[in-house]
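I opened this entry to record what I looked up, residue by residue and strand by strand. The notes follow the order in which I went through the model.

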Amino acid sequence: KHPLPEDVHARIKARIAVIEAKEKENQRLSVVVERKPWFCSGCPHNTSTRVPEGSRAVAGIGCHYMTIWMDRRTETFSHMGGEGAAWIGQQHFTKEKHVFVNLGDGTYFHSGILAIRAAVAAGANITYKILFNDAVAMTGGQPVDGSLSVPNIIAQVAAEGVSRIVVVTDEPEKYKGVSLHGSPPVYHRDELDRIQRELREVEGTTVLLYDQTCATEKRRRRKRGAYPDPAVRAYINTDVCEGCGDCSTASNCLSVAPVETPRGT
C-alpha cells in the first residue's frame, strides 16, 4: 500500500467538502408559508393606492412600494426622482393612454418633483398621486427635512406647469378658509374613484394630492396626547358576520382577522 500523492489527496478532500456542503444545504428547513410585509392597520395607503378599473399604477420608493405584491394593479418601481419616468418613453409605443404614479411626500421633497418636471416637459399623460401622510414612514416616522405642506406642494407643482391639481383627504373640512394656490378643488376620499376617472381623461401631467396622516404616527401622537382619538370606531358583530371576507378585501387591513365562535368562523 502506497500513500496517495499530495495533489490527489487535496482534490479528494476538496470534493468531500463539496459533498458535505450539499448535504448540509439539503438539511435546511424549506419555507412553506411566506409572510410578506403589508401596510400597517389604518394606513392611508390602503385607500390612496387604489386605481380605477381599467387603469394601472407604477410605484416608487416608500411604504407604497408594497402595492407591487398586493392586488392594486401596481407594477415596477424606480429610484428616487425617477417615479413614472419610464412612462415618458413607453407612452410612444403603446395604445395605453395614461398611468398613475404613487409618490410619497418625503420622496417628493427629496427629488420626486424632478420626475414631475420631466413628465410635464415631455407632455406625458400621467397622474402623480402625491401621498401626503405627514411622515417619512418607511424608515421610522421621521419628519420630512424642511418645510413641507399641502399648500406648498400645490404652489410648487402649479409652477411646474401641471394641467390640473386636485386635493383628496379624509378631512376636507380642515381646508375651509385655507388659501390654496389656484383654488384647486378639495374632495372627501370617498370620491377618490370618481376623481381618478376624471383625471385619467385629462391631457398632460396632473396631480392628485392625497392628504391623510400616517396611521402609525397617529398612534404615536395619541400616546403623547398630541392627536385626538377617533370619534367613531368600526365594529364587526360576530353574531351577525357570515365570514365572507369582504371587509378584509375592502379595507386591506391586517387587523381584520377570522374569529372562531360557537356559531362558526
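I began with the cut-offs, since the first residue I checked depends on them: a residue is buried under 20% relative accessible area, exposed over 50%, and partly exposed in between. I also note at the outset that this is a predicted model.

Entry on S183. I found S183 in the loop between β5 (164-169) and β6 (186-188). Its relative accessibility is 63%, so I entered S183 as exposed. I then looked up how S183 lies with respect to I165: the two are 18 residues apart in sequence, and their C-alpha atoms are 9.2 Å apart in space.

Entry on the sheet. From that loop I turned to the strands and asked in what order they form the sheet. I read the order as β2-β1-β3-β4-β7-β5-β6, an open sheet of 7 strands with parallel pairing. The edge strands are β2 (74-75) and β6, each of which pairs on one side only. At the β2 edge, I noted that strand β1 (residues 57-58) is joined to β2 by 2 bridges and that the two run parallel; for A57, the bridge partner in β2 is T74.

Entry on N46. I located N46 in helix α2 (residues 45-48) and asked whether N46 is buried or exposed. With a relative accessibility of 5%, N46 counts as buried, because the limit for that class is under 20%. Leaving aside residues up to four places away in sequence, I listed the contacts of N46 as F39, C40, R72, S251 and N252.

Entry on helix α7. In α7 (residues 215-223) I marked A215, E217, K218 and R221 as buried. These residues cover an arc of only 155 degrees around the axis, so they lie on the same side of α7. I set beside this the general rule that an α-helix has 3.6 residues a turn, so residues three or four places apart point the same way. Just after α7, I noted that G225 takes a positive phi of about 70 degrees.

Entry on the surface patch. I last looked up a nonpolar patch on the surface, which is formed by L4, I12 and I16 and has about 270 Å² of accessible area together. Of its members I followed I12, whose place is in helix α1 (residues 6-26). The relative accessible area of I12 is 40%, so I recorded I12 as partly exposed.

Terms used: Residues are numbered from 1 along each chain as its sequence is written. This is a predicted model: local features need pLDDT of at least 70, side-chain atom pairs count only at pLDDT 80 or more; totals for chains, interfaces and linings use all residues. Side-chain values use heavy atoms; hydrogens and water are left out. Helices (H or I, at least four residues) and strands (E, at least two) are DSSP runs, numbered from the N terminus. Buried means under 20% relative accessible area, exposed over 50%, partly exposed in between (1.4 Å probe, protein chains only). Contact means heavy atoms within 4.5 Å. The arc is that of the directions from the helix axis to the C-beta atoms. Patches are made of residues with over 30% relative accessible area and no salt bridge: like charges are joined within 9 Å, nonpolar side chains (Val, Leu, Ile, Met, Phe, Trp, Tyr) within 5 Å. Accessible areas come from the Shrake-Rupley method with a 1.4 Å probe; for residues, only the protein chains shown count as cover. A salt bridge is a side-chain nitrogen of Lys or Arg within 4 Å of a carboxyl oxygen of Asp or Glu. Two strands pair if DSSP finds at least two bridges between them.
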